[in-house]
Amino acid sequence: MIRGDPTPLTPGALVENVTACPARTGVLLVNLGSPDAPETGPVRRYLREFLSDPFVLTMPAVARWLLLNLVILPTRPRKTAAAYRKVWTSQGSPLLVHSREFAQGVADALGNDFHVELAMRYGKPSLDEVLERMQSGGVNRLVVVPLFPLFATANHSSIALRIEELFDRLDFHPETTTVPVFYDDPGWIQAVARAARPTLDEVQPEHVLFSFHGLPESQVTATDASGLVCGVSEDCCDRIREPNRDCYRAQSFEHARRVAAELGLAPGSWSVAFQSRLTKVPWLRPFTDHVLDELPAQGTRRLVVLCPAFVSDNLETLEEIGMRGRAQWKNAGGEVLGLAPCPNAQPEWVDRVAEMVRASASPESSASATETPAR
């Protein structure tokens, strides 16, 4: 249900409501995306678009083409479609449903002075169709909100470059500001903790696992231009400093520390791991699936998992952790695995994002606005 609206959200409702708005300040909420249907064909099209992005598979173009077309696309779409079918809803994928509800909440919170739209980096609603609507609607100032708490070139840089390409193609050049990463934002930390509390109260876990989406190690170390911090020592992610301020792993640990403090978790009662690795190159460790085997062997029986790299529940939270992860946990000797939901369209989180947008759209921000950079 949408805040302030007694009727269920229907596909297209946000676009219909918002494009009728005469406002000239646009708000572009960008999430990752999902296939159009939980079937092999649509999933193959989605994976082809997603994995063709050089920010996602960072390798020479020929190698990426060979890996995608000879290894991934012949087999993975069928398996991934089967996973999507387990979580698909009557309104579409959970990511799209939660993102629409969140976007409608932000639109309601901001009011008619803002033209709010949801776009997906891959799939629909696409960035190009949304930006075309904004251009037709007379938007001349734009606030971009990448719905990714932590910085990675695979999300923030990819979005920034694609928007720049579309600006040039459409001959559309609004003043543009981008809401920065928010892993350390008090409102986001409180939203994650607030979403997790009911699960923690119900499960009474012996351990809490913060499971972040994984990345290849090379994408992480590349953000440390100095070469002096990232991966140099075991404690390189113990605090944020200038060389590792864009380090995904360091941001993950910092975020986990802050949420653990907000929840009052005792030292040693929580840990960090990384899920969803794809290729055989080195990825961030420890791996979530390995931890799900190790903790029961160490005597842990009751576990709660948070997935704070995501603002909205999706395939990686609901199926990978909530279904496959729970089955693995029980097979390894664990008793209860509780999956804490993402903040999704939590009213307080919606209001915090609206505050971020207003701050970014203020005259002070606009005076120094630059088109979105690809970091």
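A polar contact here is a pair of N or O atoms within 3.5 Å; within protein, one of them must be able to donate a hydrogen and the other to accept it. Keep that in mind for Ser 126, whose side chain is joined to that of Glu 129 by a polar contact of 3.0 Å. What you're looking at is a predicted model, with a mean pLDDT of 90 for the protein and 89% of its residues at 70 or more.

**Around Ser 126**

Let's stay with that serine for a moment. Ser 126 sits in the loop between strand 2 and helix 6. Is Ser 126 buried or exposed? Its relative accessible area is 15%, so Ser 126 counts as buried, the cut-off being under 20%. Its side chain also makes a polar contact of 2.2 Å with the side chain of Asp 128. Leaving out residues up to four places away in sequence, Ser 126 touches Ala 119 and Met 120.

Next comes helix 6, residues 127-136, with Leu 127, Val 130, Leu 131 and Met 134 as its buried residues. Looking down the axis of helix 6, you'd find these buried residues within an arc of 95 degrees, so they line one face of the helix. The cover over them includes strand 1, strand 2, strand 3 and helix 7. Just past helix 6, Gly 138 takes a positive phi of about 85 degrees.

**The sheet with strands 1 to 4**

Now for the sheet itself. Four strands make an open sheet in the order 2-1-3-4, with parallel pairing. Strand 2 (114-120) and strand 4 (175-178) are at the edges with a single partner strand each, so one side of each has no neighbour in the sheet. From one strand to the next, the twist averages 20 degrees.

Strand 1 (residues 25-31) pairs with strand 2 in the parallel sense over seven bridges. If you want a spot to look at, Thr 25 has Phe 114 of strand 2 as its bridge partner. Helix 7 (residues 153-170) packs on this sheet and touches strand 1, strand 3 (141-146) and strand 4. Helix 13 (residues 347-360) lies across strand 1, strand 2, strand 3 and strand 4.

**The sheet with strands 5 to 8**

There's another open sheet of four strands, with the order 6-5-7-8 and parallel pairing. Its edge strands, strand 6 (270-275) and strand 8 (336-339), each pair on one side only. Direction ignored, neighbouring strands of this sheet are turned by 25 degrees against each other on average.

Strand 5 (residues 207-213) and strand 6 pair in the parallel sense over six bridges, and Ser 211 has Ala 273 of strand 6 as its bridge partner. Helix 11 (residues 288-297) packs on the sheet, where it touches strand 5, strand 6, strand 7 (302-306) and strand 8. Helix 12 (residues 315-331) lies across strand 5, strand 6, strand 7 and strand 8.

Here are the helix directions against the strands:

| Helix | Strand | Angle |
|---|---|---|
| Helix 7 | Strand 3 | about 150 degrees |
| Helix 13 | Strand 3 | about 140 degrees |
| Helix 11 | Strand 5 | about 165 degrees |
| Helix 12 | Strand 8 | about 175 degrees |

**Where confidence drops**

Where does pLDDT stay under 50? One such stretch is residues 15-22, for which the model has twelve contacts beyond four places in sequence. Residues 366-375 also have pLDDT below 50, and that stretch has 28 contacts in the model beyond near neighbours in sequence.

Terms used: Residues numbered from 1 in each chain as written. Predicted model: local features only at pLDDT ≥ 70, side-chain atom pairs only at ≥ 80, totals over all residues. Heavy atoms only, no water. Pairing = 2+ DSSP bridges. Helix = DSSP H or I, 4+ residues; strand = E, 2+ residues; numbered from the N terminus. Axes fitted to C-alpha atoms, helices over the stretch in contact; angles between N-to-C directions. Contact = heavy atoms within 4.5 Å. Buried < 20%, exposed > 50% of the residue type's maximum accessible area, 1.4 Å probe, protein only. Arc of directions from axis to C-beta. pLDDT = per-residue confidence, 0-100.
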